[in-house]
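Dear colleague,

I am passing this structure on to you, with some notes on what I found in it. Please look through it first and then read on.

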There are 2 protein chains.
Amino acid sequence: MSDRLDWNDLRERRMTEPGAAETYEATRIAFELGQEVRHLREGHDWSQSQLARAAGMTQSAVARFEAGRTVPTLPVLERLARALDRRLDVRFASNVDAA
Amino acid sequence: MSDRLDWNDLRERRMTEPGAAETYEATRIAFELGQEVRHLREGHDWSQSQLARAAGMTQSAVARFEAGRTVPTLPVLERLARALDRRLDVRFASNVDAA
DNA sequence: CCAACCCATAGCATCGATGCTATGAGGTGG
DNA sequence: CCACCTCATAGCATCGATGCTATGGGTTGG
């Protein structure tokens, strides 16, 4: 557990850069998606290598993504969703209603 | 209308490239998001230039995005969502239930 | 002790999205 | 005819995500 980044670590990193305010939310989304993929993967009892193979990427790429160290692209998210038997859903939701 | 790309044009373009099957869905999502932003923008009675200013980008970037000529990144989607008073929602949905 | 996994991370090349400027075609109103 | 706006697109520089290989530390099981 101690070697896993948490959200505060990430926020600290990204917010040191200028113009980071705009990407703040994207960074948060990336972090949450990484968490979710990790949970889904563990739910399948898969190692990062197994997921990587299923999603057409390498173990290092999976690790980097799960750790939230980059903001993933839609193609990557799509491939991960497929591998995990999910559907990638991206939309502009109303600002008011529930999460 | 005649100068606007439709989905079949885009699909034709992208599918000519090798390895495009994986990015197919991402391309479709990009196309739909472009459409949606265009509708939202027109709902606000904004020109591409006005939206661009509100989202911290240029008119050409908005045009490129609305036309679905690139697969947008999460930071860009986030900025557009903010400008259009929406919340960007990205998630791994169950494969079975409704859209 | 060692082999075989797990995961995190570094370093690098490549690819593609973005930012930007500039242009052109089209419409509109003077 | 012209000024002004709309949007589409080209060309280029830059930045960052991804793909890849290679480590290294940790754990487990022999």
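In this predicted model, a polar side-chain atom of B:Ser60 lies 3.0 Å from a base oxygen of DNA strand C. From the same chain, the side chain of B:Arg64 places an N or O atom 2.9 Å from a base nitrogen of DNA strand C, while in chain A it is the side chain of A:Gln59 that has an N or O atom 3.0 Å from a base nitrogen of that strand. The elements that contribute two or more residues to the surface near DNA strand C are helix H2 (20-43) and H4 of chain A, together with helix H4 (59-66) and helix H5 (74-83) of chain B.

Taken as a whole, the surroundings of DNA strand C comprise 20 residues, of which A:Arg41, A:Gln48, B:Arg64, B:Thr73 and B:Arg79 come nearest. By class, this surface has six nonpolar, eight polar and six charged residues. On the DNA side, 61% of the strand C atoms within 4 Å of the protein belong to sugar or phosphate, and the rest belong to bases.

As for confidence, the model scores ipTM 0.83 and pTM 0.83, and chain A has a mean pLDDT of 82, with 74% of its residues at 70 or more. Within chain A, confidence is highest in helix H4 (residues 59-66), at a mean of 96, and lowest in helix H1 (residues 7-15), at 53. Over residues 14-20 of chain A the pLDDT is below 50, and this stretch has eight contacts in the model beyond near neighbours in sequence.

With best wishes

Terms used. Residues numbered from 1 in each chain as written. Chains lettered and ligands numbered in written order. Predicted model: local features only at pLDDT ≥ 70, side-chain atom pairs only at ≥ 80, totals over all residues. Heavy atoms only, no water. pLDDT = per-residue confidence, 0-100. Helix = DSSP H or I, 4+ residues; strand = E, 2+ residues; numbered from the N terminus. Contact = heavy atoms within 4.5 Å. Near = heavy atom within 4 Å. Polar contact = N/O pair within 3.5 Å; in protein donor to acceptor, adjacent residues only side chain to side chain. Nonpolar A, V, L, I, M, F, W, Y, C, P; charged D, E, K, R; others polar.
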